[in-house]
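Here is a short tour to follow with the model open on your screen. Pick out each spot as you reach it, and take the topics in whatever order suits you.

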Amino acid sequence: MLKVDHLTKTYNQGKALDDLSFSVSAGQIYGLLGPNGSGKTTTINIICNLLAADRGTVLINQEPPSPKTKSWIGVVPQETLVYRYLTCAENLSFFASLYGVRGKRKVARIQACLEAVGLADRADSVAETLSGGMQRRLSMAIALVHQPQLLILDEPTAGLDLEARYEMWELIHELKSQNITVLLTTHLLDEAERLCQKIGILKQGRLLAEGSMAELRRWIPAEEIILVKTDQEAAAIARAQELGFTHRHYGNELAFWLPRSMELKEILAAFDGIPLNFISRQPICLEYIYLEVMHRDRTFRSGKQLG
Ligand code: ADP
Ligand code: MG
C-alpha cells in the first residue's frame, strides 16, 4: 500500500531524514515512533506530495506521489486544521467539494463521517465551540470524507487530555475493522503499543528498529524485567552478573533482565545479603524496548567514534 524507500531530506540546519525506508501493508496500522524533531512530519509531507525528498522514493499503491495519489490519502495534520467559524457539517461539505464529492454522495458521506467520529449530534455546531478533542475528531472526519485508502494521522493525540486521548484511540481502533490503512506518528510509547500492528522507531531521521511488538521484543532477550532500588548497587550488579542477568539503568532505576521466569522468593534469594529497598516486576513493554534501541544506538555511535 505504502512504500518509502531510502528517503533523505536535508534542510538548512541539517539532515531531517537519513536514508529512511519502511512499508505499510493494506489494512495495517503502522506507527512511526520518534521524539520531537526526528522527522515524522517531514516524512508525511513527502508522502503527501507537499515536499520533495532530496533522494529516495515513495510509492502509494505502486505510484509516486502526485495529485492523483493525493486523493487516495486522508491526512489529520499535527495542528488541527478546521474552519473555526463554519459548522461541523459545513467544514465537511467544504472539504468534500475539494475532493470532488458531490450531491447525494456528499450528503451521505458527511453524515457517515460525523457518525464515525461521534459528532452526529454536533453537525450544526460551529467548530470553535467544540472542545479540543472534538475539533481533532472533526479533523479526522474531514480526512475521511472522500473515503481515502490511506489515512495519515500526525500525532493524533498531541495536546489532548487523557479522556479525549482515550476517545481518539477508540476511534483509531475502530478504523481497523473498516480495512483502512493507517500511518500514524507519535512520540507516545503507549499509544504506539496500543494501536499499531507494526512500529518503526525513528531517531534523527533514521529507523533504528522496526517490527510487530513480538518482533521488537527480541531486542530484550529476557522473560521479565525487575526494577530494584538498593543502597548497594555495585554489589547487586556484581551478583546479577554471576547469575547471568543483564543490567541496565533506566533513569535512576536499576533494572535486571531475568532470563527465565522466577518466583519472587527465588529472586529475593538470588540477591540474598544485599538489602533491596524496592523491587518491582515489569513485563517487557515498548518503553523498555525503546530504551534498549536508544541505548544500543548510543553504544554503537560511541564505538564508531572510538574506532
Ligand atoms: P517531527 O515531526 O518528528 O517532530 P519534523 O519532521 O517536523 O520532526 O522535523 C525534523 C527536523 O527537520 C527537525 O530538526 C526540524 O527542526 C527540521 N525542520 C522541519 N521542518 C523544517 C523546515 N521547514 N525548515 C527547516 N527545518 C525544518
Ligand atoms: Mg511533527
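In the hairpin made by strand 11 and strand 12, 2 residues sit between the strands, and G251 takes a positive phi near 60°. The two strands of this hairpin pair in the antiparallel sense over 5 bridges, and Y250 stands opposite E253 in strand 12. Please keep in mind that this is a predicted model.

**The sheet around the hairpin**

- The hairpin belongs to an open sheet of 4 strands, in the order 11-12-10-13, with antiparallel pairing.
- Strand 11 (246–250) and strand 13 (276–282) are the edge strands, each pairing on one side only.
- From one strand to the next, the twist averages 25°.
- Strand 10 runs antiparallel to strand 12 and is joined to it by 5 bridges; a pair to look for here is I226, which stands opposite F256 in strand 12.
- Strand 10 (residues 224–230) is also joined to strand 13 by 6 bridges, again with the two running antiparallel.
- On that side, I225 stands opposite Q282 in strand 13.
- If you would like to color by side chain, a general point helps: in a regular strand, side chains alternate between the two faces of the sheet.

**What covers the sheet**

- Helix 9 (residues 233–243) lies across strand 10, strand 11 and strand 12 (253–258), and runs at about 10° to strand 12.
- How many of the 6 residues of strand 12 are buried? The count is 5, so strand 12 is largely enclosed by the rest of the structure.

**The magnesium site**

- Which protein atoms are the donors of the magnesium ion (ligand 2)? They are OG1 of T41 and OE1 of Q78, lying 2.0 to 2.3 Å from the ion.
- T41 lies in helix 1 (residues 40–47), while Q78 is in the loop between strand 5 (73–76) and helix 3 (88–98), so the pair ties together parts that are 37 residues apart in sequence.
- T41 has a relative accessible area of 28%, so it counts as partly exposed.
- Q78 is partly exposed too, with a relative accessible area of 27%.

**The largest pocket**

- The largest pocket has a volume of about 430 Å³.
- It is lined by 21 residues, and those closest to its centre are V75, P77, L81, F95 and Y99.
- Helix 1, strand 5, helix 3 and helix 5 (132–144) each supply at least two residues of this lining.

**Three residues worth a click**

- T157 is found in the loop between strand 6 (150–154) and helix 6 (162–177).
- Is T157 buried or exposed? Its relative accessibility is 0%, and since under 20% counts as buried, T157 is buried.
- Setting aside residues up to four places away in sequence, T157 touches R136, R165, M168, W169, L188 and E191.
- E63 lies in the loop between strand 4 (55–60) and helix 2 (67–70), where it is partly exposed, with a relative accessible area of 25%.
- Beyond its neighbours within four places in sequence, E63 is in contact with V58, K68, T69 and W72.
- E63 and M1 are 62 residues apart in sequence, yet their C-alpha atoms are 9.7 Å apart in space.
- E193 has its place in helix 7 (residues 189–195) and is partly exposed, with a relative accessible area of 32%.
- Not counting residues up to four places away in sequence, E193 touches I199, M213, C285 and L286.
- What separates E193 from E287 in sequence and in space? The two are 94 residues apart in sequence and 9.0 Å apart in space, C-alpha to C-alpha.

**The whole protein**

- The protein has 11 helices and 13 strands.
- Its C-alpha trace spans about 75 × 45 × 30 Å along the principal axes.
- Of its 307 residues, 47% count as buried.
- Taking contacts between residues at least 6 apart in sequence, 68% join residues at least 24 apart.

How values were computed: Residues are numbered from 1 along each chain as its sequence is written. Chains are lettered from A and ligands numbered from 1 in the order in which they are written. This is a predicted model: local features need pLDDT of at least 70, side-chain atom pairs count only at pLDDT 80 or more; totals for chains, interfaces and linings use all residues. Side-chain values use heavy atoms; hydrogens and water are left out. Two strands pair if DSSP finds at least two bridges between them. Axes are lines fitted to C-alpha atoms, for helices over the stretch in contact, and angles run from 0 to 180 degrees between N-to-C directions. Contact means heavy atoms within 4.5 Å. Donors are N, O and S atoms within 2.8 Å of the metal (3.2 Å for Na, K and Ca); water is not among the atoms, so sites may look incomplete. Buried means under 20% relative accessible area, exposed over 50%, partly exposed in between (1.4 Å probe, protein chains only). On a 1 Å grid over the protein atoms alone, a cavity is a set of points where a 1.4 Å probe fits but cannot get out, and a pocket is an open set with protein on both sides within 12 Å along at least five of seven lines; lining residues have an atom within 4 Å of a point. Grid points are joined across faces, edges and corners, and a volume is the space filled by probe spheres set on the points.
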